Amino acid sequence: MNQPDLYAKSNQITRTTIGDLLDKYIGLMRWQSDEKNVTILDIGCGDGGVLFDSLLPKLPQNFHKLYGIDISQEFLDYASKRNNDKRIVFEKFDIASNELPLKYCQQFDHAFSFYCLHWVADQKKAFENIYNMLKPGGDMMLAFLGIYPLFAIYEILAKTSKWSKYMYDFDKFISPYHHSRRPDVEMEHLLTRQGFISLECQAIPSLFTFETLISFIQLIKAVNPFISRLPEDEVDNYLDDFVGEVRQMKNFTIETDENGREGRIQMAYELLFVVASKPEDSQ
Ligand SMILES: C[S@@+](CC[C@H](N)C(=O)[O-])C[C@H]1O[C@@H](n2cnc3c(N)ncnc32)[C@H](O)[C@@H]1O
């Protein structure tokens, strides 16, 4: 992901889904009566669209600080441009880093992370860091991809002679849970081993509708990590092959009008959703 502008224009999927999940589950998080001390973390905040448009309106309005962290400086710069609230700070940090800066240790009352953690191969380290970043009694809400049909297409195209040279490291870009039979059970184990108390841990079957093929292709261009490696004159060819796979997969339903023209595309996928807390008496 290296095009914040394109991502911001095409990420309707995360705004819609996260808005619904926040409405339904934010009440599970333990909000303190003294909001002025509350410090909040958004891990993998990206372009800031979800942070500003979906998360911020749901937070107590007197919070102390909101940190948006991301591994990509380009995305952080994009998010910062929109920011006119001094309490909101954007900082570069890899959530799977082996070194957790002291300034982040036990600093946060609430952590959120949306559509990010499937990018992280070292899940154990990421969850250890989040645990150590939370204050005792703090909590977190996470939503990220489990089974996702776009990952299945990466696997298919990466094995073709035409595209393999651009997609040699495709497995780095596939959710660690994409092939799991019970990602919710795996996740629950990870949470418990780390010391979290799990309040919700679900693999949610989800549907998203793209209004047009063009809006679907825009999302592919924004999130597909291989396109930037292709020679410019190969991009359309790659996208044609990509959409060709979409037409064959049962996770996609493409509506056609009476003239056979393709319209809305519905994609079925699985979202991993977690709400968990760090015990009060922990370190
Ligand atoms: C699909 S975007 C999601 C952005 C936003 N949370 C949303 O819901 O629209 C995923 C973001 O996670 C970031 N990311 C990926 N790996 C990360 C890591 N190890 N640590 C922190 N951020 C990471 C990417 O740079 C990207 O901005």
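In the predicted model, the shell around the ligand is made up of 13 nonpolar, six polar and two charged residues. The shell comprises 21 residues, of which Thr14, Gly44, Gly46, Ser72 and Phe114 are the closest to the ligand. Helix 2 (12-25) and helix 3 (49-55) are the elements that contribute two or more residues to this shell.

The largest nonpolar core contains 75 residues, and within it Leu41, Ala111, Ala143 and Val274 touch the most other members. Strand 8 (residues 262-277) supplies the largest share of this core, namely nine residues. For alanine 143, contacts beyond its neighbours within four places in sequence are made with Ile18, Leu21, Phe114, Tyr115, Leu271, Leu272 and Phe273; among these partners, Phe114 is also one of the residues closest to the ligand, and Phe273 is the bridge partner of alanine 143 in strand 8.

Strand 8 is paired with several other strands. With strand 5 (residues 134-145) it forms seven bridges in the antiparallel sense, and with strand 6 (residues 197-210) it is joined by 13 bridges, again with the strands running antiparallel. Phenylalanine 273 of strand 8 takes part in both pairings, since it is the bridge partner of alanine 143 and also that of glutamine 202. Strand 7 (residues 252-256) is likewise antiparallel to strand 8, to which it is joined by four bridges, with isoleucine 254 standing opposite isoleucine 265 of strand 8. Five residues lie between the strands in the hairpin of strand 7 and strand 8, and here glycine 260 adopts a positive phi near 85°.

A parallel arrangement is found for strand 1 (residues 39-43) and strand 2, which are joined by five bridges; in this pairing isoleucine 40 stands opposite leucine 66 of strand 2. Strand 2 (residues 65-70) is largely enclosed by the rest of the structure, because five of its six residues are buried.

Positive phi values also occur outside glycine. Most residues other than glycine have a negative phi. Glutamine 106, which is not a glycine, nevertheless has a positive phi of about 50°, and it is located in the loop between strand 3 (88-92) and strand 4 (108-114). Tyrosine 115 has a positive phi near 55° and lies in the loop between strand 4 and helix 5 (123-133). The burial of these two residues is not assigned alike: glutamine 106 counts as partly exposed because it has 15 C-beta neighbours inside 10 Å, whereas tyrosine 115, with 20 such neighbours, counts as buried. Tyrosine 115 is, in addition, one of the contacts of alanine 143.

Phenylalanine 226 is placed in the loop between helix 8 (213-223) and helix 9 (235-248), and it counts as partly exposed because 18 C-beta neighbours lie inside 10 Å. When its neighbours within four places in sequence are set aside, phenylalanine 226 is in contact with Tyr166 and Met167. The C-alpha atom of phenylalanine 226 is separated by 9.5 Å from that of aspartate 169, although the two residues are 57 residues apart along the chain.

An annotation may be set beside the model. An unreviewed UniProt entry lists residues 140-157 as a "transmembrane region". Over residues 140-157 the predicted chain is 50% helix and 33% strand, and the C-alpha atoms at the two ends are 36 Å apart.

Note on methods
Residues are numbered from 1 along each chain as its sequence is written. This is a predicted model: local features need pLDDT of at least 70, side-chain atom pairs count only at pLDDT 80 or more; totals for chains, interfaces and linings use all residues. UniProt positions are given in the numbering used here, feature names are shortened, and annotations may be inferred rather than shown by experiment. A residue is near a molecule or strand if its C-beta atom, placed from the backbone, lies within 6 Å of it. Ala, Val, Leu, Ile, Met, Phe, Trp, Tyr, Cys and Pro count as nonpolar, Asp, Glu, Lys and Arg as charged, and the others, Gly among them, as polar. A nonpolar core is a set of buried Ala, Val, Leu, Ile, Met, Phe, Trp, Tyr and Cys residues joined through C-beta atoms within 7 Å. A residue is buried if 20 or more other C-beta atoms lie within 10 Å of its own, exposed if 12 or fewer, and partly exposed in between; C-beta atoms are placed from the backbone. Two residues are in contact if their C-beta atoms, placed from the backbone, lie within 7 Å. Two strands pair if DSSP finds at least two bridges between them.
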